[in-house]
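Let's take a walk through this one together, pockets to begin with and aromatic rings after that. Keep the viewer open as you read.

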Amino acid sequence: MAEYVGALDQGTTSTRFMIFNHSGGVVGIDQKEHEQIYPKPGWVEHDAMEIWERSKEVIRVALQKTGLKASDLAAVGITNQRETAVVWDKKTGKPVHNAIVWQDTRTDTICNELAKDGGQDRFRAKVGLPLATYFSGPKIMWLLENVPGLRAKAEAGDLAFGNLDSWCIWNLTGGVHGGLHVTDVTNASRTMLMNLETLDWDPEILKIMGIPKAMLPQIRPSSEVYGKCVDPLPGIPVAGDLGDQQAAIFGQTCYSVGEAKNTYGTGNFMLLNTGTKPVQSKNGLLTTLGYKIGSQPAVYCLEGSIAITGALVQWMRDNLGLIKTSADIETLAKTVDDNGGAYFVPAFSGLFAPYWKSDARGVIAGLTRYVTKGHIARAVLEATAWQTREVLDAMNADSGVALTALKVDGGMVFNELLMQFQADVLGVPVIRPKVAETTALGAAYAAGLAVGFWKEVEELRKNWQVDRTWEPKMDATERENQYKLWKKAVTRTFDWVE
């Protein structure tokens, strides 16, 4: 009897495989980074072949480390960086170009052209998203327009598009030898091509963007047996697929309307469960799919996406060399008591929620001779907390429900200084669960539910346990004064790119 469930978590900077037991505990893990490719300013790419090789490696090594065999897994779930677009040749199995990453801004001109008829919200009523470089649809347009011979191949039905979930599932289930070309509702909802009501590709938008439907994967529920693995988990059902942020809300067991989570990764993503009807945002949030379990009705979310949070710490490490490891940011920030008046707005690839300004660029404001690298480190951490506050304000306004606590997960939640500051600027408790890697856990839960490893979501709720809670300590007047300065700093990033 298989006692475990596996999850392949294909992220922006690394890929990992995690193995969970029935109580949601981590039994095994392996993780490997992949190359970040920057061909031009604002362009970000990944090598999809490298990602597939890494995926196979981490699966094999995680099994080796734990002494388990593939047959010890009841199922495997996939979760992935969303909106990163890969197009590959169905006959050769090779990508036709590097994957274009969600942070990439090369589709700015395409988005502006599309916005000439109907503005930035041209498709929002149907897809829940503004026109922005973030989403996959314009990236497919860019590839079809810029890679020679691609359009003819696409129209002949020889090409396949997918976010990284589709690429991984296609390869896991056989690739050129009968691999499945599927995605789930959550990933499809990030392309700008799926109708929120029908949960199918929207023919009108496909026509406007010039994207042949033959390229697109079949849209399936997030928890369902899609098929069986060939390599490197022969015979194991692939039974769960969720974009990383939706996987996190699933792993955080936010199954009731009004429950929310915030994931602190390369970027930050706050999701609020709004139930079985899509809620259109009036405050710069995205309307997105939360999850769909088998034949049950789909569940929708409001999402606040922040492009640069953990990536700012990496930038301090890799581009400036001010710290040796990401964890050093907390030590450096603790050398001072406050930010010394400095505010860092990391609009490296424009501003996401709630502004959606692709022409914004990063600034450090409020600099004086007094400011040291300790103050900059502090401003780097505070940037994550302030951006989260802006998203929470928008969420409260859209939903009409004031959030009473925030469940958090992801790599940055082990930064105690950041978590305390986050509670301070929100004025609500911040709660970290025992298993903070809820993205992989959510994918495992979806896969396990599909094969009966877990019977129902109530079983999953029982697995959720609190690890630590941070209570707000900052004086309300002080909080609002600092927030005002943050908002002022944000306005300095606007309209930078002519």
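Sort the lining of the second largest pocket by class and you get eight nonpolar, 11 polar and five charged residues. Keep in mind that this is a predicted model. The pocket itself holds about 660 Å³. There are 24 lining residues here, and Tyr 38, Val 44, Trp 315, Asn 319 and Phe 348 come closest to the centre. As for who contributes, helix 10 gives the most to this lining, with five residues.

Helix 10 turns up again in the largest pocket, where five residues make it the top contributor to the lining. That pocket has a volume of about 980 Å³. Its lining runs to 41 residues, and the ones nearest the centre are Thr 13, Tyr 264, Gly 265, Thr 266 and Gly 411. If you want to trace the walls by element, look for those that supply at least two residues each: strand 2 (14-20), strand 3 (26-33) and strand 15 (260-264), along with helix 9 (244-251), helix 10 (310-318), helix 11 (328-333) and helix 14 (438-450). By class, the lining of the largest pocket has 20 polar residues, 11 nonpolar and 10 charged.

Now for the rings. How many aromatic pairs does a search of the whole structure find? The count is 23. One of them joins Trp 386 and Phe 421, edge-to-face, with 5.5 Å from centre to centre and 85 degrees between the planes. This pair ties together distant parts of the chain, since Trp 386 belongs to helix 12 (residues 373-399) and Phe 421 to helix 13 (residues 416-426), 35 residues apart. Are these two rings' residues buried or exposed? Both Trp 386 and Phe 421 are buried.

Phe 453 and Trp 454 make another pair: their planes stand at 90 degrees, over the 60 needed, so this one counts as edge-to-face too, with the centres 4.7 Å apart. Phe 453 and Trp 454 are both buried.

Some rings gather in a bigger group. Trp 102, Tyr 134, Phe 135, Phe 269, Phe 352 and Trp 356 make up one aromatic cluster. Zoom in on Phe 269 and you'll see it has a charged partner as well: the charged end of Arg 82 sits over its ring, 5.2 Å from the centre. There's a lysine doing something similar elsewhere, with Lys 407 over the face of Trp 464, 4.2 Å from the ring centre.

Key:
Residues are numbered from 1 along each chain as its sequence is written. This is a predicted model: local features need pLDDT of at least 70, side-chain atom pairs count only at pLDDT 80 or more; totals for chains, interfaces and linings use all residues. Side-chain values use heavy atoms; hydrogens and water are left out. Rings of Phe, Tyr and Trp (its six-membered ring) pair if their centres lie within 6.5 Å; planes under 30 degrees apart count as stacked, over 60 as edge-to-face and the rest as tilted. Helices (H or I, at least four residues) and strands (E, at least two) are DSSP runs, numbered from the N terminus. Buried means under 20% relative accessible area, exposed over 50%, partly exposed in between (1.4 Å probe, protein chains only). A charge sits over a ring if NZ of Lys or CZ of Arg is within 6 Å of the ring centre and within 35 degrees of the ring normal. On a 1 Å grid over the protein atoms alone, a cavity is a set of points where a 1.4 Å probe fits but cannot get out, and a pocket is an open set with protein on both sides within 12 Å along at least five of seven lines; lining residues have an atom within 4 Å of a point. Grid points are joined across faces, edges and corners, and a volume is the space filled by probe spheres set on the points. Ala, Val, Leu, Ile, Met, Phe, Trp, Tyr, Cys and Pro count as nonpolar, Asp, Glu, Lys and Arg as charged, and the others, Gly among them, as polar.
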